[in-house]
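Here's a quick tour for anyone about to load this model into a viewer. Have a look at the sequence and the coordinates before reading on.

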Amino acid sequence: MSPLKKISSVKELEQLIDRLEKEKRGWKGKTIVVPGGTCGNARGAGNILKAVNEAVEKEGLKDVKVRATGCIGYCSQEPMILILPERVLYPDLDPARVLEIVQKTVKKGKIVEELLWKDPAGKTISKMEELPYYNKQKRMITGNTENLDPNSISDYLAIGGYRAYMKALNMTPEKVIEEVKSSGLRGRGGAGFSTGMKWEFARKAEGDIKYIICNGDEGDPGAFMDRNLLEGSPHSVLEGLLIGAYAIGASKGYLYIRKEYPLAVRTIRNALTQIRDIGLLGENILGSGMSFELEVYEGAGAFVCGEETALMASIEGRAGEPRPRPPFPAQSGLWEKPTNINNVKSWANVTLIMNKGADWYSKVGTETSTGTMLFSLVGKSNNSGLVEVPMGITLKEMIFDIGGGIANGNKFKAIQTGGPSGGCIPESLLDLKIDYDSLTKAGAMMGSGGMIVMDDKTCMVDVAGYFVKFLMDESCGKCAPCREGLVQMDIILERIKRGEDRGGDIELLEELASVMKDASLCALGQTAPNPILTTLKYFKDEYEAHIIDKKCPAHVCKALITYSIDKKKCVGCTLCATKCPVNAISGTAKKPHTIDPEECVKCGMCHDVCNFDAVEVV
Amino acid sequence: MAAISGEEAAVKKNTSKKGSVMVVGGGISGIQSSLDLADAGFKVYLVDENQSIGGAMPQLDKTFPTNDCSMCILAPKLVATSRHPNIKLMTASEVKGLQGEPGNFVVTVNRKARSVDEELCTACGDCVEICPVRFVPQLPEEKDVRTEMNDEDVKKVDEVISNHPQDESSLVPVLEDLNEVFNHLPEMVIRYVSQVLDVPLSQVYNVATFFTAFTLTPRGEHTIKVCLGTACHVRGAPRVLDEIKLSLGIEPGETTKDGMFTLETVNCLGTCALGPVVVMDDEYHMVTPGKFGDLIEDFKSGIAKPIPKPEGVKK
């Protein structure tokens, strides 16, 4: 397709979108979608794409389009292909089978039964939306991923892209803010503050220059919704930013994206060039009188930069340390000018709200938490990937219906939400509805949307220790309660993990937690005790097992476990001895082996490699 | 220090022996000597060229060998010196001449002008607060860092900086690019960036050590990043890291002796469904415990290995 020309009026853009939409409607052929994204590519989507292109060429198919898109969410089943318009999904695909699919399904419309998704009973399902992973989802924001090539602005325009922006331009800025307010949209970054209210503050603040920022510093471990959105549908985020800039009266915007997401940075940079080329950035956009510039800013790797004041400090060229609020960014933000910061997902939601209207939007979800929420469902569940569900769905549905239960037949233990600031929710609370308020009540929080499923092989003391170590590493060190408190928590937890508690350690942890909650400067420190508090609340028995019985029930804490070989089961295959990194295993071939407890570093390698289940952990 | 007009004042002793002593230098030794002499009944003149006595000791945190707090030792002695009736403190003073013989010296002391009446001053500090010129920084003469760098490096840095606006806001992006160009941030490059962007060196250093994307020591030819995100953690990333540490013989942040591999950890790459994830250069690999040995062998022999099938995912 020839490059698009610069557009100078709303009418011209309208005509262009009309033409592209008509072209798309007129297309009656098939489209083969190959979802990529960072994780898809890592699992070999590139090889699938190559195979699809070769197959289409070999078969001489003319009315077939091949489209490389962002990830459609089912990460654990990648690489895959999706055939439109039938929406047949072939998951977990071997490139060698692609030709067969092209010949049968694409050319003749016949389904290759054996390559389809199968449930545990062996029943196959062909349509994407009918898979248990998808049928409880409501893909309002991510639903267009398969319909567009993230590197093509024409694809986005052909599904009505930038219509929401034009709609906003026809309204007064106050009206736009009113619309966002009445949609009930709450900030998707985690805290859940009303987006419309935030905009209103920034709109009303006095200042010659105003800034808006898209916060894509998705530092929560176990979360990748922003990455997926930026990689899969960059223009929907940019459109939200344009609408926000118009409503607030901002003249400059920044997209702050973490460096650890190289593909997302590339995709969004490319999308920026495209909208600049067609005239949606710069002076007097579409003749509306609005001037706006956008810039990509790569975060250099600091978790605390997800906090808004720290993020702004790093854009200004300083180390990302938070400062006390007030003043809030809406009054005095970037370079002391009024600034509005929203999360990537919030901006994408804005586009949707303008397109479909606040009434439509507020009907989805619950009364206080409207719309859908993007989650990354990862950890020990059978299915993992990106999930978009309406607010108010229960954790049980999330884990057992969408997630397909726990992998390897293990038992569910906990689900961790909200990243390092969140908490672990036990089985007894699985009927909890997922919305901002219910999760906070349970001691966890919505956070940016990471959900990590844990099974009985996960030690909760170790998990709490993991988050404390993570935060200790990421604490900027500015305020004492966070900096010193986390170090002390780490020392105490390590003590418990070694079985060397001093008595009263749990009480000491609780006391430390309450001081940090009250006295820390920013949310990082204030919420840092959450993982400890929730694990103490729901899994105290595990702490007690470490302290009183000196045992780690999940066999994770090295100091409290020993490996030994069951002489009756060992056949003397020597595999463990060859794999042992410290040569702690001895024995002659075909005779039972033994582990020298003095030498053993408890790496667990022997346990993993043994084909006869002969290595025991106590 | 600005030159201060001097007022010549001579402290002259007459020929009769009165048992007065002059101690030159008001460090801890001078202070202690003065106190001992004064207690023994001598009149002591304690002279120091600085505005106050104390010498180097107030700048120390601890003293050898007992690790006692140095100010705790010094402070009472300072007070005692100033209050002792037998001690006459002469600060901001320099000995200019010495004549005579033991038991009968004539010393010429140059007392610098203070412009403050010492008798009336209560050391309230208000004059310091309101003085408009006290913030004039006293810096050594500025030197062009480029004279200490080779031309090639200067060219590389100039090229990177020319792609960004030349102000404070470019600091992080400039350092990001330079870290990539030089594979780390050499000291001279940091100094040069501070000079060109006109950002204090302390701030550049603060930023360069704050963010994990920057390193101050050279990296190896290949980088191995181990993701320690929550999902990777519960799926065995710590064990994978242990395995890599044992296999390469280095800790995270270090480089192998042959300069081949640098081991780093990262707090989530956002590819959680693959976990545990190890990134070798730019290739993502799914590495379950026990699998790193094969991966590194393949990597060394240059063969790209397909991603192994995830465990625990049933079709």
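What follows covers the domains of one chain, one of its strands, and the cysteines.

**Domains**

Keep in mind that this is a predicted model. The domain assignment splits chain A into five pieces: domain 1 spans 26–138, domain 2 spans 150–362, domain 3 spans 372–455, domain 4 spans 460–549 and domain 5 spans 562–617. If you want a distance to get your bearings, the centres of domain 3 of chain A and domain 5 of chain A, taken over C-alpha atoms, are 37 Å apart.

**Strand β14 and its partners**

Now zoom in on strand β14 of chain A, residues 412–417. It's mostly covered, with six of its six residues buried. β14(A) pairs with two other strands of chain A, starting here with β16 (residues 450–455): that pairing is antiparallel and runs over five bridges. To find the register, look for A:T417, which sits opposite A:M451 in β16(A).

The other pairing is with strand β15 of chain A (residues 423–426), again antiparallel, with four bridges joining it to β14(A). Here A:Q416 faces A:C424 in β15(A). β14(A) and β15(A) make a hairpin, with five residues between the two strands. In that turn, A:G418 has a positive phi of about 80°.

**Cysteines**

How many disulfides does a search of the whole structure find over all chains? Just one. The bond links B:C69 and B:C72, with 2.4 Å between their sulfur atoms. The torsion about the S-S bond of B:C69 and B:C72 is about 85°, so the disulfide is right-handed. As for solvent, B:C69 is partly exposed at 33% relative accessibility, while B:C72 is exposed, with a relative accessible area of 53%.

Two other cysteines are worth a click. A:C39 is in no disulfide, and the nearest cysteine sulfur, that of A:C75, lies 3.6 Å away. The cut-off for a disulfide is a sulfur pair within 2.5 Å, so a separation like that one doesn't count. B:C227 isn't in a disulfide either; its nearest cysteine sulfur belongs to B:C232, at 3.7 Å.

Here are the accessibilities of these cysteines side by side:

| Cysteine | Relative accessible area | Class |
|---|---|---|
| B:C69 | 33% | partly exposed |
| B:C72 | 53% | exposed |
| A:C39 | 1% | buried |
| B:C227 | 2% | buried |

So A:C39 is buried at 1%, and B:C227 is buried at 2%, because buried means under 20% relative accessible area.

Technical notes
Residues numbered from 1 in each chain as written. Chains lettered and ligands numbered in written order. Predicted model: local features only at pLDDT ≥ 70, side-chain atom pairs only at ≥ 80, totals over all residues. Heavy atoms only, no water. Domains from an automatic or database assignment. Buried < 20%, exposed > 50% of the residue type's maximum accessible area, 1.4 Å probe, protein only. Pairing = 2+ DSSP bridges.
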